[in-house]
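Trainee: I have a new structure open and no idea where to start. Can you walk me through it?

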Amino acid sequence: TLRLVPARYVASVKYSGFWSHNKYQAHYDKLNEWVSAENLVSIGNPVWARYNAPFTPWFLRRNEILLPIVDVN
């Protein structure tokens, strides 16, 4: 599905493999730590992005967590 979204800044983390709650949470926590260390503030819900077909081998899958941010500097 394609949809138009307004321009915005996002912080992201990329990882590979199948989805699991534990893997998602670990990468989401890492992303939040980085956002805080850079004096950024999240301003929305995270988006989980998947880029591969279901038959793609786990080691070739690309996933991202996108977190809308605002710079408070």
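Mentor: Start with leucine 66, which lies in strand S4, residues 62–71. Helices (H or I, at least four residues) and strands (E, at least two) are DSSP runs, numbered from the N terminus. The model is predicted, so local features need pLDDT of at least 70 and side-chain atom pairs count only at pLDDT 80 or more, while totals for chains, interfaces and linings use all residues. Residues are numbered from 1 along each chain as its sequence is written, and side-chain values use heavy atoms, with hydrogens and water left out.

Trainee: OK. What does leucine 66 touch?

Mentor: Leaving out residues up to four places away in sequence, leucine 66 touches Val10, Ala11, Ser12, Asn45, Pro46, Val47 and Ala49. Contact here means heavy atoms within 4.5 Å.

Trainee: And how far is leucine 66 from aspartate 29?

Mentor: Their C-alpha atoms are separated by 12 Å, and the two residues are 37 apart along the chain.

Trainee: Val47 was on that list. Where does valine 47 lie?

Mentor: Valine 47 is in strand S3. Apart from neighbours within four places in sequence, valine 47 is in contact with Glu64, Ile65 and Leu66. The C-alpha atoms of valine 47 and isoleucine 65 are separated by 5.6 Å, with their positions 18 residues apart along the chain.

Trainee: Is valine 47 buried, exposed or partly exposed?

Mentor: Valine 47 has 33% relative accessibility, so it counts as partly exposed. Buried means under 20% relative accessible area, exposed over 50%, and partly exposed in between, with a 1.4 Å probe and protein chains only.

Trainee: Let me zoom out. How many helices and strands does the chain have?

Mentor: One helix and four strands. From the N terminus on, the order is β-α-β-β-β. The C-alpha trace spans about 45 × 30 × 15 Å along its principal axes.

Trainee: What share of the chain is buried?

Mentor: Buried residues make up 26% of the 73 residues. The chain exposes about 5,700 Å², and carbon and sulfur atoms supply 56% of that. Those areas come from the Shrake-Rupley method with a 1.4 Å probe; for residues, only the protein chains shown count as cover.

Trainee: What about contacts between residues well separated in sequence?

Mentor: Among contacts between residues at least 6 apart in sequence, 60% join residues at least 24 apart.

Trainee: Switching to rings. How many aromatic pairs are there?

Mentor: A search of the whole structure finds four. Tryptophan 19 and tryptophan 48 have ring centres 5.7 Å apart and planes at 55°, so that pair is tilted. Tryptophan 19 sits in the loop between strand S1 (10–16) and H1, and tryptophan 48 in strand S3, 29 residues apart, which links distant parts of the chain. Rings of Phe, Tyr and Trp (its six-membered ring) pair if their centres lie within 6.5 Å; planes under 30 degrees apart count as stacked, over 60 as edge-to-face and the rest as tilted.

Trainee: Are those two tryptophans buried or exposed?

Mentor: Neither word fits. Tryptophan 19 is partly exposed at 43% relative accessible area, and tryptophan 48 is partly exposed at 26%. There is also a stacked pair, tyrosine 24 and tyrosine 28, at 6.0 Å centre to centre with 10° between the planes.

Trainee: Where are those tyrosines in relation to each other?

Mentor: They are four residues apart in helix H1, so about one helical turn separates them. Tyrosine 24 is buried, with a relative accessible area of 15%. Trp19, Tyr24, Tyr28 and Trp48 form one aromatic cluster.

Trainee: What else is in that helix?

Mentor: Histidine 27 is in helix H1, residues 21–37. Histidine 27 counts as buried because its relative accessibility is 15%. Not counting residues up to four places away in sequence, histidine 27 touches Val13, Tyr15 and Ile65.

Trainee: And what comes in the loop after H1?

Mentor: Asparagine 39 lies in the loop between H1 and strand S2 (40–42). Phi of asparagine 39 is near 60°, a positive value in a residue other than glycine.

Trainee: Last topic: which strand gives the largest share of the lining of the largest pocket?

Mentor: Strand S3 (residues 47–50), with four residues. A pocket is an open set of points on a 1 Å grid over the protein atoms alone, where a 1.4 Å probe fits, with protein on both sides within 12 Å along at least five of seven lines; lining residues have an atom within 4 Å of a point. The lining residues include Val47, Trp48 and Leu66.
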